[in-house]
Amino acid sequence: LYNRMFIDHDCKIRISVSPQSFTHKPTTEEVRSIHFISEIHTPSEMLNVLIQGRTMCYMFHTSGMFGQSSKRKSLYVGTQVIFIDVDYSEIPMRQCIDSLTHKPTFAYTSFSYPEKNRYRLAYCFSEPILGEKNFITAYNAIIRACGFSNEVDKLVCNQQYYGTTPKADTY
C-alpha cells in the first residue's frame, strides 16, 4: 500500500467536487443542496479547490452532476485519495504531521479550527483504490500506521469532505 502512496503534486486525480462553495461549515439544509461533478485535479489543485470552500467526495457510479442521494456505498466506485478526518485531536495539525512516519500528500484545517483541533489529512495514490472492501483496508492501514484512535472520524467511503477558508493552515 505505502509504495502506491505518493507526493507527486503534478499527478492528475479524478475526484467528485461541488460547484458550490461555502465560507462556513454547511448547515444541514445546505448539505442537502450540495451536488458533485467529476473533475480531474493535481493534489495542489485539489487543495486550492478546498480552500475555496468547495466540498469533495469520492467517485460513484453516476453520470453528470449528482446529489446526496447518489452518494451511497452501493454506488461507490473508488478513489485515488483517502481523506483522514481528524476531529478533536489533542495536538495541532502541524505537530501531528511532524510526528507521522507516512506524511500526507496535503492537509488542511477545517472551518472550526483552531477552536477545535479539526483537520484533514489527504493521502494520494498512484492507482485507484476500487471497491468498498479495498477502501476499508487502505483506510485502516493508514490509521494504524499513523497511530490514530479516537481522533479519527468515520470510516465510510460515501463521506464528503467540506472545504475550508483561504485563511486555513495547509500543508
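**Exercise 1. Work out how many aromatic pairs a search of the whole structure finds, and classify the pair F135 and Y139.**

Step 1. The search covers the whole of this predicted model and returns 11 aromatic pairs.

Step 2. Now take F135 and Y139: their ring centres lie 5.9 Å apart and their planes meet at 35°. Planes under 30 degrees apart would count as stacked and over 60 as edge-to-face, so this pair is tilted.

Step 3. Next, place the two residues along the chain. Both belong to helix 4 (residues 132–146), and because they are four residues apart there, about one helical turn separates them.

Step 4. Check their surroundings: F135 and Y139 are both buried.

Step 5. Finally, follow the ring pairs outward. They join F135 and Y139 in a cluster with F36, Y58, F60, F66, Y76, F83, F106 and Y161.

**Exercise 2. Describe the fold of the protein chain by its helices and strands, and test its radius of gyration against that of a compact globule.**

Step 1. Begin with the elements: the protein chain has four helices and nine strands. Read from the N terminus, their order is β-β-α-β-α-β-β-β-α-β-β-α-β.

Step 2. Compare the radii. A compact globule of 171 residues would come out near 16 Å, and the protein chain has 15 Å, so the two agree.

Step 3. Add the box: along the principal axes, the C-alpha atoms fill roughly 40 × 35 × 30 Å.

Step 4. Turn to burial and contacts. Of the 171 residues, 51% count as buried. Among contacts with a separation of 6 or more, 73% come from residues 24 or more positions apart.

Terms used. Residues numbered from 1 in each chain as written. Predicted model: local features only at pLDDT ≥ 70, side-chain atom pairs only at ≥ 80, totals over all residues. Heavy atoms only, no water. Helix = DSSP H or I, 4+ residues; strand = E, 2+ residues; numbered from the N terminus. Rg over C-alpha atoms; globule rule 2.2 N^0.38 Å. Buried < 20%, exposed > 50% of the residue type's maximum accessible area, 1.4 Å probe, protein only. Contact = heavy atoms within 4.5 Å. Phe/Tyr/Trp six-rings, centres within 6.5 Å; stacked < 30°, edge-to-face > 60°.
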